[in-house]
Amino acid sequence: MGIRMGMVTIDCADPQKLAAFWSAAVDTAVAQDWGEFVMLAPAGEGQVRLAFQKVPEPKVGKNRVHVDFETNDRVAEVERLVSLGASVAYDQVGVVPGLDWTTLADPEGNVFCVGQAH
């Protein structure tokens, strides 16, 4: 393949605030901060980096793309993320055979999912 996933960039009003939330959420650090663009270090080997860029317009409506995370303990991870500032949008339990997930929103309303296979 000629390309590979390198980074997911999220538009936001406050890149430093959102980077602080996400660095705690995925247990990594800020790698670069250029004021209006903040990039996190990869969270682990083979992981995609997250970045945050300041945009003038507010988020309106549903994300067209979102990030999905996997865990062995969805309930505990959702509780941890909520304690960091995320909010729960809804749970999908028993809808897809072998996979449950929770859709959350980060502090600026960008949705993401935390799933657990069973």
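1. A quick term before anything else: a residue is called exposed here when its relative accessible area is over 50%. Asp27 comes in at 67%, so Asp27 is exposed. Keep in mind throughout that this is a predicted model.

2. Staying with Asp27, have a look at its backbone. Most residues other than glycine have a negative phi. Asp27 is not a glycine, yet its phi is positive, at about 55 degrees. This residue follows helix α1 and sits in the loop that runs from α1 to β2.

3. Next door is Thr28, in that loop between α1 (15-25) and β2 (30-33). Buried or exposed, then, for Thr28? The value is 18% relative accessibility, and the limit for buried is under 20%, so Thr28 counts as buried. Its side chain reaches the backbone oxygen of Pro42 at 3.4 Å. Leaving aside residues up to four places away in sequence, Thr28 touches Ser23, Leu40, Ala41, Pro42 and Ala43.

4. Ser23 is worth following from there. Ser23 belongs to helix α1 and is buried, with a relative accessible area of 14%. Which residues does Ser23 touch, not counting residues up to four places away in sequence? They are Thr28, Ala29 and Leu40. Leu40 turns up in the contacts of Thr28 and in those of Ser23.

5. On α1 as a whole: the buried residues are Pro15, Leu18, Ala19, Phe21, Trp22, Ser23 and Ala25. Two of these, Phe21 and Trp22, come back in the aromatic point below.

6. Helix α2 (residues 74-84) has Arg74, Val78 and Leu81 buried. Why do they lie on the same side of α2? Because they cover an arc of only 65 degrees around the axis. The general background is that an α-helix has 3.6 residues a turn, so residues three or four places apart point the same way. On the face turned away from the buried side you'll find the exposed residues Glu79 and Ser83.

7. As for what α2 leans on, its buried residues pack against α1, β6 (87-96), β7 (99-105) and β8 (111-117). Just past the end of α2, Gly85 has a positive phi of about 130 degrees.

8. Now the aromatics. How many aromatic pairs are there? The count is 5. In one of them, Trp22 and Phe69 have ring centres 5.8 Å apart and planes at 25 degrees, so this pair is stacked; the cut-off for stacked is under 30 degrees. Since Trp22 is in helix α1 and Phe69 is in strand β5 (residues 67-70), the pair ties together parts that are 47 residues apart in sequence. Trp22 is buried, with a relative accessible area of 3%, whereas Phe69 is partly exposed at 24%.

9. Another pair is Trp34 with Phe37. Their ring centres are 6.0 Å apart and the planes stand at 35 degrees, so the pair is tilted. Here Trp34 is exposed, with a relative accessible area of 52%, and Phe37 is partly exposed, at 23%.

10. Beyond single pairs, there's a cluster: ring pairs link Phe21, Trp22, Phe69 and Phe112. Phe21 and Trp22 are both on the buried list of α1.

11. On to the largest pocket, which holds about 400 Å³ of space. Its lining is made up of 24 residues, and Ile10, Asp11, Lys59, Asn63 and Asn110 are the ones nearest its centre. Which element gives the largest share of the lining? That is β1, with 5 residues. β1 (7-12) and β8 each supply at least two lining residues. β8 is also among the elements that the buried residues of α2 pack against.

12. Last, Pro97, in the loop between β6 and β7. Pro97 is exposed, with a relative accessible area of 79%. Its C-alpha atom is separated by 8.4 Å from that of His118, and the two residues are 21 residues apart along the chain.

Notes
Residues are numbered from 1 along each chain as its sequence is written. This is a predicted model: local features need pLDDT of at least 70, side-chain atom pairs count only at pLDDT 80 or more; totals for chains, interfaces and linings use all residues. Side-chain values use heavy atoms; hydrogens and water are left out. Helices (H or I, at least four residues) and strands (E, at least two) are DSSP runs, numbered from the N terminus. Buried means under 20% relative accessible area, exposed over 50%, partly exposed in between (1.4 Å probe, protein chains only). A polar contact is a pair of N or O atoms within 3.5 Å; within protein, one must be able to donate a hydrogen and the other to accept it, and residues adjacent in sequence count only if both atoms are side-chain atoms. Contact means heavy atoms within 4.5 Å. The arc is that of the directions from the helix axis to the C-beta atoms. Rings of Phe, Tyr and Trp (its six-membered ring) pair if their centres lie within 6.5 Å; planes under 30 degrees apart count as stacked, over 60 as edge-to-face and the rest as tilted. On a 1 Å grid over the protein atoms alone, a cavity is a set of points where a 1.4 Å probe fits but cannot get out, and a pocket is an open set with protein on both sides within 12 Å along at least five of seven lines; lining residues have an atom within 4 Å of a point. Grid points are joined across faces, edges and corners, and a volume is the space filled by probe spheres set on the points.
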